[in-house]
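Thank you all for making the time this morning. I would like to walk through one structure with you, moving from its helices to its strands and then to its charged pairs.

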Amino acid sequence: LEPTEQHVFERVGVFAGGLDLDTAEAIVNPDDECGTDLFDALASLVEKSLLRQEEVADLPRFSQLESIRQYALDRLAQRGESELLHRRLTEHIAGLVADAEPYLDRTDDEGWFDRLDAEQDNVRAALRWAIAAPDPSLAERVVGPVWRFWSRKGLLTEGSWWTDEVLGLAAEPSPSQAKVLLAQGSLRYWRGDYAGAETPYTQALEMYRELGDDQGVTEASYNLGYALMFKTPADNAGARAAFEAALAGFREADNPAMTQSTLFTIGWIDMGEGQLDSAQRLFTDALEMRSGDVRPWTGLASVAYARGEYAQARHWLDECVSENEQRPDLGFAIAMLEGYAAVEVADGDPELGMQHQGAAASLREQIGGGPPPDPTIKEDQIALARSRIGDAADTALERGAALDARTALELAVARKTAPPG
């Protein structure tokens, strides 16, 4: 290799998940540090089989076989540039996840989910380096925003491990550390560990108060409300107080999306307490805000189910899936499938309902958690179906467990009906 190509080859080694040309320009060869035309050097390395090139989103992306990458890293260390390049990579990833964060809980994420999906191995490499360095602040800047991607991707166990590792580093209280505490709590929540989520949520709330961060206090109050609402035994009074405090904060900050979401959560408490009229009003108010949160539809479906209005419940579920069909969120799929299962078992096709139930159970096992149970679905749906269709219920459960989320939802929506009345 030419010396300049050798330099590029070594620097590319820090990218465990490959890189595109723009990233290469920013990290591998900023200010022409390698003294070569970068694209020409990359093309030459591809020609020599030291790099692989593929098209991702119609753009070239370069990567190395793992054995070759390890050799490149060894050479990079010998050159004395290992820390420089790993820090550049980690700073780049921290910036990337910060840019992505506002889009990760939207129905239309403008391609950010797919972009982070392509960068997964680079995120892991960045975190490994920041933890080993150690650089707590930089590690926190990566973990704090990226947990939503892990949740949507179903990487709950892995995400929990990373947050635990980062919080194990000695660090001064800071907004970024409080954000990681929220991430730790949220990943525990989605794994069904509601009591375990309460602790980091409470710690984050206290830290934000000490830092005088009103926005952080509002967000932590909102999250704490969920842990209090779903832990055993539930603390509905504490949850309602936390959500009311969050609602005031979101309204003061003129944040319609989170105002909508908080109205939904207060309605969920009302629904769990049997106050269906109040819950329906809150869900309807939230829905009318049209801020991108599809959950008010699920709330309206649950209210209809609790009233025995099964056709209306199915209609609301259909609307929710239709609004959210482009979002690859496994937690959402689980909630929808369990809702469809309950409706079918109650008033429809119990065998199809068990197929939905089997798919949902398989997804819960796959991601190591999922959304909390719907408080209006009080009966054991599997036992109820077995009482009605016998062994066919278990056969349908097995059939559903073999389906992926999208196929299972397509089968559910295939029975779409016109809105009642």
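Let me begin with helix 17, whose buried residues are covered by elements that include helix 16 (295-306), helix 18 (330-347) and helix 22 (405-413). Before I go further, please keep in mind that what we are looking at is a predicted model. The residues of helix 17 that are buried are Q312, A313, R314, H315, L317, D318, C320 and V321, and you will notice that charged side chains such as R314 and D318 are in that list. As for its geometry, helix 17 has 14 residues and reaches 20 Å from its first C-alpha to its last, which is close to the 20 Å expected at 1.5 Å a residue.

Within this helix, which runs over residues 310-323, I would like to pick out A313. Is A313 buried or exposed? A313 has a relative accessible area of 0%, and therefore it is buried. If we leave aside its neighbours within four places in sequence, A313 is in contact with A301, A304, Y305 and V343. For one of these partners we can also give a backbone distance, since A313 and A301 are 12 residues apart in sequence while their C-alpha atoms are 4.1 Å apart in space.

The second helix I want to discuss is helix 10, residues 175-190, where 16 residues should span 22 Å at 1.5 Å a residue, and where the end C-alpha atoms are 23 Å apart, so that the two values agree. Helix 10 is mostly covered, in that 12 of its 16 residues are buried; among them are the polar S176, Q177, Q184 and S186, together with V180, L181, L182 and L187. The cover over these buried residues includes helix 8, helix 9 (156-167), helix 11 and helix 12. After helix 10 comes G192, which has a positive phi, near 85 degrees.

Turning to the nonpolar interior, the general expectation is that in soluble globular proteins nonpolar side chains tend to be buried together. Here the largest nonpolar core has 119 residues, and the members that touch the most others are V8 and W150. V8, when neighbours within four places in sequence are set aside, is in contact with V28, C34, T36, L38, A41, L42 and L45. Apart from this core lies another one, of 7 residues, including M354, A393, A396 and L397.

Now to the strands. Strand 2 (residues 52-56) pairs with strand 3 in the antiparallel sense over 5 bridges, and strand 1 (residues 19-20) is also joined to strand 3, again running antiparallel, by 2 bridges. In the first of these pairings R52 stands opposite S63, and in the second D20 stands opposite R61. The hairpin of strand 2 and strand 3 has 2 residues between the strands, and A57 in that hairpin takes a positive phi near 55 degrees. S63 itself belongs to strand 3, residues 59-63, and because its relative accessibility is 16%, S63 counts as buried. Beyond residues up to four places away in sequence, S63 touches G18, L51 and R52.

Finally, the charged pairs, where the general point is that side chains of opposite charge can pair when their charged atoms come close. How many salt bridges does a search of the whole structure find? The search finds 24. One of the bridges joins the side chains of E10 and R75, at 3.9 Å from N to O, and this pair links distant parts of the chain, with E10 in helix 1 (residues 3-12) and R75 in helix 4 (residues 66-79), 65 residues apart. E10 counts as buried, at 2% relative accessibility, whereas R75 is partly exposed, with a relative accessible area of 27%.

A further bridge is formed by R141 and E91, at 3.1 Å; because R141 lies in helix 8 (residues 136-153) and E91 in helix 5 (residues 82-100), this pair ties together parts that are 50 residues apart in sequence. R141 counts as partly exposed at 35% relative accessibility, and E91 counts as partly exposed at 34%. K231 and E198 also meet in a salt bridge, at 3.1 Å from N to O. Lastly, salt bridges that share partners join R11, E33, E81 and R88 into one network.

Key. Residues are numbered from 1 along each chain as its sequence is written. This is a predicted model: local features need pLDDT of at least 70, side-chain atom pairs count only at pLDDT 80 or more; totals for chains, interfaces and linings use all residues. Side-chain values use heavy atoms; hydrogens and water are left out. Helices (H or I, at least four residues) and strands (E, at least two) are DSSP runs, numbered from the N terminus. Buried means under 20% relative accessible area, exposed over 50%, partly exposed in between (1.4 Å probe, protein chains only). Contact means heavy atoms within 4.5 Å. Two strands pair if DSSP finds at least two bridges between them. A nonpolar core is a set of buried Ala, Val, Leu, Ile, Met, Phe, Trp, Tyr and Cys residues joined through side-chain atoms within 4.5 Å. A salt bridge is a side-chain nitrogen of Lys or Arg within 4 Å of a carboxyl oxygen of Asp or Glu. The expected span of a helix is 1.5 Å times one less than its number of residues.
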